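Please read the following walk through one protein model with the sequence and the coordinates open beside it.

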Amino acid sequence: MGVDLNSLSAQYRLHLTYDRLDLGTNSWEHPIPIAICVGSFVLYVTIFLLSLVSPLPSAEGLKSLKKIHNYALAAYSGFCCGYTIWWLLSYEHTTVDRFMCQKMEGSGAELVFTSFTLSKMWEWGDTILLIWGRRIEGKPWVWNNKTVLHCFHHSTTFWLFLIVSNLPCAVKTGTLLNGGVHTVMYFYYADPSVFPKKYTPLITQGQIVQLITVTVLWIITPWVCDVYASYPREHFAEYITGQIFVPIYIIMFLAFYSKRFKPDDKKTKKTN
């Protein structure tokens, strides 16, 4: 028996609240969405703690693991981005109305986005490799701009993707923009030497621009799409969640960017 993609398309959308007609419950009475959100966060924290005490690979083994992990995620992200471009052109979702308001369904789009959402847990491998790298170097784990951003971002993106995917534009921009930025980012992680140093800030800039872009699109969807006009009222928790968490990402990325790529004081003095 084949997979009914149209049915599957409804299954990867997670509602925190439900309409009475949908499930016969009032808002917040259905435990599964909250269990997934809290459970995925707890799972990430558990993996984080285990990584602090787990057996370590050799330095060479870790280097190989990093390359495999990063090249694989770069290739996968590139596939998702390329697939989305093909899908948008093939299904003519190139106008504002169709891009913002019509669902991304057909030709395996549901499976691609489902796998892309699950890949947010695959990215937790970044944390394991980061912790192992510090332990092999004999360095303790330190909380700073980079590590706080890293852990907060990775611990919340999986369930955030599940929630915001109730909006069609979030599904499309997820695989298109996030997939595109991650293609470059993970290739850089795999082999930084192939990227000229002067271009590395563009990766973080790309992260910040895509986060701002998707937040604006989420906010304006109810005003652009008649079918979602009542969405903020009927599903306020889902509507506001992305607008709470993503601006926090943006602020953290800006703080990280300003600290990592601040101008060299000595060069500035010579120029002046």
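The paragraphs below go through a serine and its surroundings, the aromatic pairs, two residues with positive phi, and the cysteines.

The model is predicted, and its local features are described only where pLDDT is at least 70. A convenient place to start is Ser51, a residue of helix α3, which covers residues 31–53. Ser51 has a relative accessible area of 4%, so it is buried. Its side chain reaches back to the backbone oxygen of Ile47, at 2.8 Å. Once neighbours within four places in sequence are set aside, the contacts of Ser51 are Ile128, Ile131, Trp132 and Arg135. For Ile131, the C-alpha atom is separated from that of Ser51 by 6.5 Å, although the two positions lie 80 residues apart along the chain.

Ile131 leads on to helix α7. This helix has 12 residues, 125–136, and at 1.5 Å a residue it should span 16 Å; its end C-alpha atoms are 16 Å apart, so the expected and modelled spans agree. Which residues of α7 are buried? They are Gly125, Asp126, Thr127, Leu129, Ile131, Trp132 and Gly133. Two of these, Ile131 and Trp132, are also in contact with Ser51. Just after α7, Gly138 takes a positive phi, about 75°.

The aromatic residues come next. The count of aromatic pairs comes to 21. One of them is formed by Phe48 and Trp141, which meet edge-to-face, with 5.3 Å from centre to centre and 80° between the planes. The two partners come from distant parts of the chain, 93 residues apart: Phe48 belongs to helix α3, and Trp141 to the loop between α7 and α8 (145–164). Phe48 and Trp141 are both buried. Helix α3 therefore supplies both Ser51, which is buried at 4%, and Phe48, the partner of Trp141.

A second pair, Phe113 with Phe161, is tilted: the centres are 6.3 Å apart and the planes make 35°. Phe113 lies in helix α6 (residues 109–122) and Phe161 in helix α8, so this pair ties together parts of the chain that are 48 residues apart in sequence. Buried or exposed, where does each ring residue fall? Phe113 has a relative accessibility of 1% and therefore counts as buried. Phe161, at 12%, counts as buried too, because the limit is under 20%. Phe113 and Phe161 also belong to a cluster linked by ring pairs, together with Tyr76, Phe116 and Trp122. Another kind of ring interaction involves Phe99: the charged end of Lys172 sits over this ring, 5.5 Å from its centre.

Positive phi also appears in residues other than glycine. Glu92 has a positive phi of about 55° without being a glycine. It is placed in the loop between α4 (59–90) and α5 (96–101). With a relative accessibility of 51%, Glu92 counts as exposed, because the threshold is over 50%. Ser107 is a further case, with a positive phi near 60°. This serine lies in the loop between α5 and α6. Its relative accessible area is 43%, so Ser107 is partly exposed.

The last topic is the cysteines. A disulfide is a covalent bond between the sulfur atoms of two cysteines. How many disulfides does the structure hold? The structure holds one, and it joins Cys101 to Cys225 with an S to S distance of 2.0 Å. The link of Cys101 and Cys225 is left-handed, with -85° about the S-S bond. Cys101 sits in helix α5 and Cys225 in the loop between α10 (201–224) and α11 (231–234), so distant parts of the chain, 124 residues apart, are linked. Both ends are buried: Cys101 has a relative accessible area of 13%, and Cys225 has one of 1%.

Why does Cys169 form no bond with Cys225? The closest cysteine sulfur to that of Cys169 is in Cys225, at 7.1 Å, which is too far for a bond, because a disulfide requires sulfur atoms within 2.5 Å. Cys169 has a relative accessibility of 0% and so counts as buried. Cys151 is likewise counted as buried, at 7%.

Definitions and conventions: Residues are numbered from 1 along each chain as its sequence is written. Side-chain values use heavy atoms; hydrogens and water are left out. Helices (H or I, at least four residues) and strands (E, at least two) are DSSP runs, numbered from the N terminus. Buried means under 20% relative accessible area, exposed over 50%, partly exposed in between (1.4 Å probe, protein chains only). Contact means heavy atoms within 4.5 Å. A polar contact is a pair of N or O atoms within 3.5 Å; within protein, one must be able to donate a hydrogen and the other to accept it, and residues adjacent in sequence count only if both atoms are side-chain atoms. The expected span of a helix is 1.5 Å times one less than its number of residues. Rings of Phe, Tyr and Trp (its six-membered ring) pair if their centres lie within 6.5 Å; planes under 30 degrees apart count as stacked, over 60 as edge-to-face and the rest as tilted. A charge sits over a ring if NZ of Lys or CZ of Arg is within 6 Å of the ring centre and within 35 degrees of the ring normal.
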